[in-house]
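These are my notebook entries from a session with one structure. I set down each point in the order in which I looked it up.

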Amino acid sequence: MVDQTNKDERYKARQQKVQEKVNARVEAAQKEKGLFLVITGNGKGKTTSGFGTVARAVGHGQKCGVGQFIKGTWDCGERNLLESHGVTFAVMATGFTWDTQDKKADTAAAQETWAECKKMLADGSYDVVLLDELTYMVTYGYIELDEVVAAINNRPVMQSVIVTGRGAHRTLMELADTVSEVRNVKHAFENGVKARKGVDW
Ligand code: ATP
Ligand code: MG
């Protein structure tokens, strides 16, 4: 009985210490600013995470914009839902680059979408801007890295930006406040399972 009482007291003391540490860290985090997030890596979940954040912001009545690079003509569940909730979409008109195999056309399409995104990044009324699959535009040279960096650096101070896509440029990761890398452990596609509406798009 005495043993159990001692155990309970030690547990309580340990938990109190944890609580004190957490409280101190919460108190120390006093900066308020828009965030720049990069979600990269080879695993599934980058775009869904970006859209999850947009849905979160919309749920708080915030204004959001989405730039979709590469996806092109795909039917997109998130777009179907979020456009009717006042989210602005700038969508690349062409399909996947490996379908079109036309660098000039892809560059023009990327630039067109990027021009719309730059407007959002310069507009203080946007709380959150998602730039989905932007990493590839930089890798393929369709959009200049310097331009992306400048637009992100010069955005309104309270605006948050999310960039998704594999192989994020080191400079973007250095610039970001938060970087998450989604690791592929396994994916159904590797077992011959078709992409599934509602889960994959
Ligand atoms: P999601 O849109 O599901 O969050 P994602 O943005 O992380 O995925 P992308 O590289 O943009 O991944 O790929 C989009 C499509 O490819 C989705 O249908 C997704 O399920 C699929 N996918 C993602 N990762 C893998 C993988 N490691 N192997 C095969 N297919 C994948
Ligand atoms: Mg994606």
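**Entry 1: the metal site**

Which residues are the protein donors of the magnesium ion (ligand 2)? I noted at the outset that the model is a predicted one. I found two donors named, Thr47 through OG1 and Glu133 through OE, and they lie 2.0 to 2.1 Å from the ion. I then traced where each donor sits: Thr47 belongs to helix α2 (residues 46-59), while Glu133 is in the loop between β4 (128-132) and α6 (134-139). The pair is 86 residues apart and links distant parts of the chain.

I next asked whether Thr47 and Glu133 are buried or exposed. Both are buried. For Glu133 I recorded a relative accessible area of 8%, which is under the 20% limit, and therefore I list Glu133 as buried. I also looked up the backbone of Glu133: its phi is near 65°, a positive value in a residue other than glycine.

**Entry 2: two packed helices**

I turned to helix α5 (residues 103-121) and helix α7 (residues 145-153), which pack with their axes 9 Å apart and at an angle of about 25°. Angles under 35 degrees count as roughly parallel, so α5 and α7 are roughly parallel to each other. I noted that the crossing of α5 past α7 is left-handed. From α5, the contact is made by Trp114, Lys118 and Leu121; from α7, by Glu147, Val148 and Ala151. Sorted by class, I have four nonpolar residues, two charged ones and no polar ones in this contact.

**Entry 3: Ile39**

I located Ile39 in strand β1 (residues 36-40). With a relative accessible area of 5%, Ile39 is buried. Setting aside residues up to four places away in sequence, I listed what Ile39 touches; among them are Lys46, Ser49, Gly50, Ile162 and Val182. I also looked up Ile39 with Glu174: they are 135 residues apart in sequence, and their C-alpha atoms are 13 Å apart in space.

**Entry 4: Asp127**

Where is Asp127 found? I placed Asp127 in the loop between α5 and β4. Its relative accessibility is 29%, so I entered Asp127 as partly exposed. Beyond its neighbours within four places in sequence, Asp127 is in contact with Gln62, Lys63, Met158, Gln159 and Ser160. Finally, I recorded that Asp127 and His169 are 42 residues apart along the chain, with 24 Å separating their C-alpha atoms.

Technical notes:
Residues are numbered from 1 along each chain as its sequence is written. Chains are lettered from A and ligands numbered from 1 in the order in which they are written. This is a predicted model: local features need pLDDT of at least 70, side-chain atom pairs count only at pLDDT 80 or more; totals for chains, interfaces and linings use all residues. Side-chain values use heavy atoms; hydrogens and water are left out. Donors are N, O and S atoms within 2.8 Å of the metal (3.2 Å for Na, K and Ca); water is not among the atoms, so sites may look incomplete. Helices (H or I, at least four residues) and strands (E, at least two) are DSSP runs, numbered from the N terminus. Buried means under 20% relative accessible area, exposed over 50%, partly exposed in between (1.4 Å probe, protein chains only). Axes are lines fitted to C-alpha atoms, for helices over the stretch in contact, and angles run from 0 to 180 degrees between N-to-C directions. Angles under 35 degrees count as roughly parallel, over 145 as roughly antiparallel, 65 to 115 as roughly perpendicular and the rest as oblique. A crossing is left-handed if the near helix is turned anticlockwise from the far one by less than a right angle, and right-handed if clockwise. Contact means heavy atoms within 4.5 Å. Ala, Val, Leu, Ile, Met, Phe, Trp, Tyr, Cys and Pro count as nonpolar, Asp, Glu, Lys and Arg as charged, and the others, Gly among them, as polar.
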